[in-house]
Amino acid sequence: MTPSRTFSDYGPIGSESFGTGSSVPYPSEELLGEPVEETISSERDSISVTVRFRPLSDREYQRGDEVAWYPDGDTMVRHDYNPLTAYAFDKVFGPQANTMDVYDVAARPVVKAAMEGVNGTVFAYGVTSSGKTHTMHGDQESPGIIPLAIKDVFSIIQDTPGREFLLRVSYLEIYNEVINDLLDPTGQNLRVREDSQGTYVEGIKEEVVLSPGHVLSFIAAGEEHRHVGSNNFNLMSSRSHTLFTLMIESSATGDEYDGVIFSQLNLIDLAGSESSKTETTGLRRKEGSYINKSLLTLGTVIGKLSEGKATHIPYRDSKLTRLLQSSLSGHGHVSLICTITPASSSNEETHNTLKFASRAKSIEIYASRNQIIDEKSLIKKYQREISILKLELDQLRRGTLVGVSHEELMSLKQQ
């Protein structure tokens with residue numbers, strides 16, 4: 001990914017401290033070339049699939065909706081009109097569950113593994129107004145998966161003495177099959193590229209982050225640029241898919257140095273999966289058709305992966321599936337949270353969501369821990385820079401350097 005600014009003011013985050021502060025400059029060089037990856041461990045697993053019911057809304061009560069789907073125990077979903085229609089998942093949460101309960105089951109294990117070098121992806125799927133954005137973003141009273149994950153990341157850093165961490169974030173949206181950078185409004189219609197490490201977005205802006213509040217400030221800024229609008233389901237519907245990525249580098253300090261571990265944590269809020277035919281206005285119908293195209297492709301990819309046969313997987317048919325290719329093809333942990341309404345008026349849409357979730361459940365993955373074993377990581381670059389600066393500062397203090405002005409001395413101390 002193409003960096004945009006130079007970095008000289010901050011070093012890696014240690015377990016003993018991390019700062020607050022405003023926007024942080026971005027490094028002049030990043031992962032150069034292709035780092036050598038070493039598989040530390042690999043385990044056979046499947047996509048984690050969680051279903052979350054929301055209560056009937058006031059709007060559904062007013063039009064006389066009844067409960068069509070309901071949770072049967074902790075792992076089953078049944079149809080009220082036909083109890084033989086049932087689906088089993090890893091965990092099913094009823095309408096009274098809070099987001100922290102969902103996070104503990106669906107996201108915390110993925111976050112913990114990402115801090116240990118295993119790529120992870122968590123995404124919410126469901127129709128508009130089913131609770132996706134509430135689940136992923138939440139509010140002040142009930143934080144969502146994304147802020148809870150960010151808080152967890154920095155808690156793990158504090159609880160991991162002897163390691164230094166470097167964290168970067170990016171935030172993008174896919175709107176009408178166009179990739180836009182939510183952290184840089186000038187970054188429009190960006191292109192997807194591929195290298196030996198997988199797919200990436202060319203020119204996406206990345207920011208080094210130092211605290212939970214720092215990360216959330218970038219997310220809030222990004223949300224200001226996201227495409228939203230009213231539709232037949234919701235007055236403020238998300239009309240785009242968003243992908244928030246946290247890039248994590250870490251290494252042991254001192255004599256314990258054993259290489260640099262690198263991983264990515266992707267937190268995704270998908271647009272509503274309802275049919276575009278439910279919209280009658282031109283703009284919303286156009287948006288819906290693009291949303292349908294990407295989600296239909298996602299469904300096709302999920303379906304073919306679930307078959308387990310050596311067949312062509314159409315990742316390239318949409319920008320969403322291209323960006324998710326590395327995750328869905330089995331190179332990290334994947335957690336799918338399906339949000340649904342029990343309302344009878346959404347019976348067909350809910351059934352489609354459950355069928356999608358059921359197919360996803362059968363996909364096998366082989367998550368492995370990655371370790372960069374060369375000198376091409378940012379954290380090593382910054383460690384070297386800091387060592388050089390400390391040496392120069394120590395020489396100044398000892399009086400071994402002459403002819404240095406007060407301004408130059410202050411500049412060196414600041415660096």
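Which residue in E6 is the bridge partner of Val77? I looked it up in this predicted model. The partner is Tyr87.

**Entry: the sheet**

I followed the strands around that bridge. E5 covers residues 76-79, and 3 bridges join it to E6. The two strands run antiparallel. Then I traced the whole sheet. It is open, with 3 strands in the order E4-E5-E6. E4 (69-72) and E6 (86-88) each have a single partner strand, so one side of each has no neighbour in the sheet. From one strand to the next, the twist averages 25°. I noted a general point too: strands of a sheet pair through backbone hydrogen bonds.

**Entry: the core**

Next I checked the largest nonpolar core, which has 45 residues. Val51, Phe89, Leu298, Leu328 and Leu336 touch the most other members. Several elements give two or more residues to this core, including strand E3 (48-53), strand E18 (333-340) and H10. H7 gives the most, with 6 residues. Another core lies apart from this one. That core has 39 residues, among them Val111 and Ile157.

I then listed contacts of Val51, leaving aside neighbours within four places in sequence. They include Val77, Phe89, Cys338 and Leu354.

**Entry: helix H10**

Last, I looked at H10, residues 347-361. Its 15 residues reach 21 Å from first C-alpha to last, close to the 21 Å expected. Which residues of H10 are buried? I found Glu349, Thr350, Thr353, Leu354, Phe356, Ala357 and Ala360. They cover an arc of only 160° around the axis, which puts them on the same side of H10. The general rule helps here: an α-helix has 3.6 residues a turn, so residues three or four places apart point the same way.

Technical notes. Residues numbered from 1 in each chain as written. Predicted model: local features only at pLDDT ≥ 70, side-chain atom pairs only at ≥ 80, totals over all residues. Heavy atoms only, no water. Helix = DSSP H or I, 4+ residues; strand = E, 2+ residues; numbered from the N terminus. Expected span 1.5 Å × (residues − 1). Buried < 20%, exposed > 50% of the residue type's maximum accessible area, 1.4 Å probe, protein only. Arc of directions from axis to C-beta. Core = buried A, V, L, I, M, F, W, Y, C linked by side-chain atoms within 4.5 Å. Contact = heavy atoms within 4.5 Å. Pairing = 2+ DSSP bridges. Axes fitted to C-alpha atoms, helices over the stretch in contact; angles between N-to-C directions.
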